[in-house]
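Got the model open in your viewer? Give me a quick walk through it, one selection at a time, and keep the sequence panel handy.

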Amino acid sequence: MDSEKDIREAVVKYSDTLYKVCIVILCNEHDVQDAIQDTFCRYLEKKPEFCDEEHEKAWLIRVATNICRDMIRFRIRHPKVSIDEVENTLVAPEEKETLKELLELPVKQKQSFICTM
């Protein structure tokens, strides 16, 4: 089994199908690209054996659908606050700039700031 050749063929053959599935679920171009990339990464990691092309296609669609659902769950559990919403709740201009910078930090770094407050 030549995995590099297999993944190239799968990308060419199934990218359009996976795009259609993911865009319907996620409704966001950037998330769709991430989901498709993650799907093909799992294909490479798992190196599944398929009976035929239909089995391969079904596996890829199932994996992509599960990834999309995980992304939606993450969005629900971790809603983002827009910087505009934050600016409207603060009074002092110097606080606005600090908070903007805090919002752009990765989660782990934000947690360390919150613990020191």
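Start by selecting Ala64: leaving aside neighbours within four places in sequence, Ala64 is in contact (heavy atoms within 4.5 Å) with Leu18, Cys22 and Thr39. Ala64 sits in helix α3; helices here are DSSP runs of H or I with at least four residues, strands are runs of E with at least two, and both are numbered from the N terminus. Ala64 has a relative accessible area of 0%, so Ala64 is buried. The cut-offs for that word are under 20% relative accessible area for buried, over 50% for exposed and partly exposed in between, with a 1.4 Å probe and protein chains only. Now measure from Ala64 to Ile36, C-alpha to C-alpha: the two are 28 residues apart in sequence and 6.5 Å apart in space.

A word on what you are looking at: this is a predicted model, where local features need pLDDT of at least 70, side-chain atom pairs count only at pLDDT 80 or more, and totals for chains, interfaces and linings use all residues. Residues are numbered from 1 along each chain as its sequence is written, and side-chain values use heavy atoms, with hydrogens and water left out.

Stay in α3 and pick Thr65. Buried or exposed? Thr65 counts as buried because its relative accessibility is 9%. The Thr65 side chain reaches the backbone oxygen of Ile61 at 2.7 Å. That is a polar contact: a pair of N or O atoms within 3.5 Å where, within protein, one must be able to donate a hydrogen and the other to accept it, and residues adjacent in sequence count only if both atoms are side-chain atoms. Not counting residues up to four places away in sequence, Thr65 also touches Val21 and Ile25.

Next, jump to Ile36. With neighbours within four places in sequence set aside, Ile36 is in contact with Ser15, Leu18, Tyr19 and Cys22. Widen the selection to the largest nonpolar core, which has 17 residues; such a core is a set of buried Ala, Val, Leu, Ile, Met, Phe, Trp, Tyr and Cys residues joined through side-chain atoms within 4.5 Å. Leu18, Cys22, Leu26, Ala35, Ile36, Phe40 and Leu60 touch the most other members. Helices α1 (3–26), α2 and α3 (53–77) each supply at least two residues of this core. In soluble globular proteins, nonpolar side chains tend to be buried together.

Select α2 by itself, residues 29–46. Its 18 residues reach 26 Å from first C-alpha to last, close to the 26 Å expected at 1.5 Å a residue (the expected span is 1.5 Å times one less than the number of residues). Which residues of α2 are buried? Asp31, Val32, Ala35, Ile36, Thr39, Phe40 and Tyr43 are. An α-helix has 3.6 residues a turn, so residues three or four places apart point the same way.

Check both ends of α2 too. At the start, a side-chain oxygen of Asn28 reaches to within 2.9 Å of the backbone nitrogen of His30. After the helix comes Lys47, with a positive phi near 45°. Lys47 lies in the loop between α2 and α3 and is partly exposed, because its relative accessible area is 48%. Cys27, in the loop between α1 and α2, has a positive phi near 55° and counts as exposed at 63% relative accessibility. Most residues other than glycine have a negative phi, and most peptide bonds are trans.

Over in the loop between α2 and α3, click Asp52. Its side chain reaches the backbone nitrogen of Glu54 at 3.3 Å, and a polar atom of that side chain lies 2.8 Å from the backbone nitrogen of His55.

Now colour the cysteines. How many disulfides does the structure hold? Zero, where a disulfide is a pair of cysteine sulfur atoms within 2.5 Å. The sulfur of Cys22 is 3.5 Å from the closest cysteine sulfur, in Cys68, so it is too far for a bond. Cys22 is buried at 0% relative accessible area, whereas Cys51 is exposed at 73%.

Finally, zoom out. The protein chain has six helices and zero strands, and 22% of its 117 residues count as buried.
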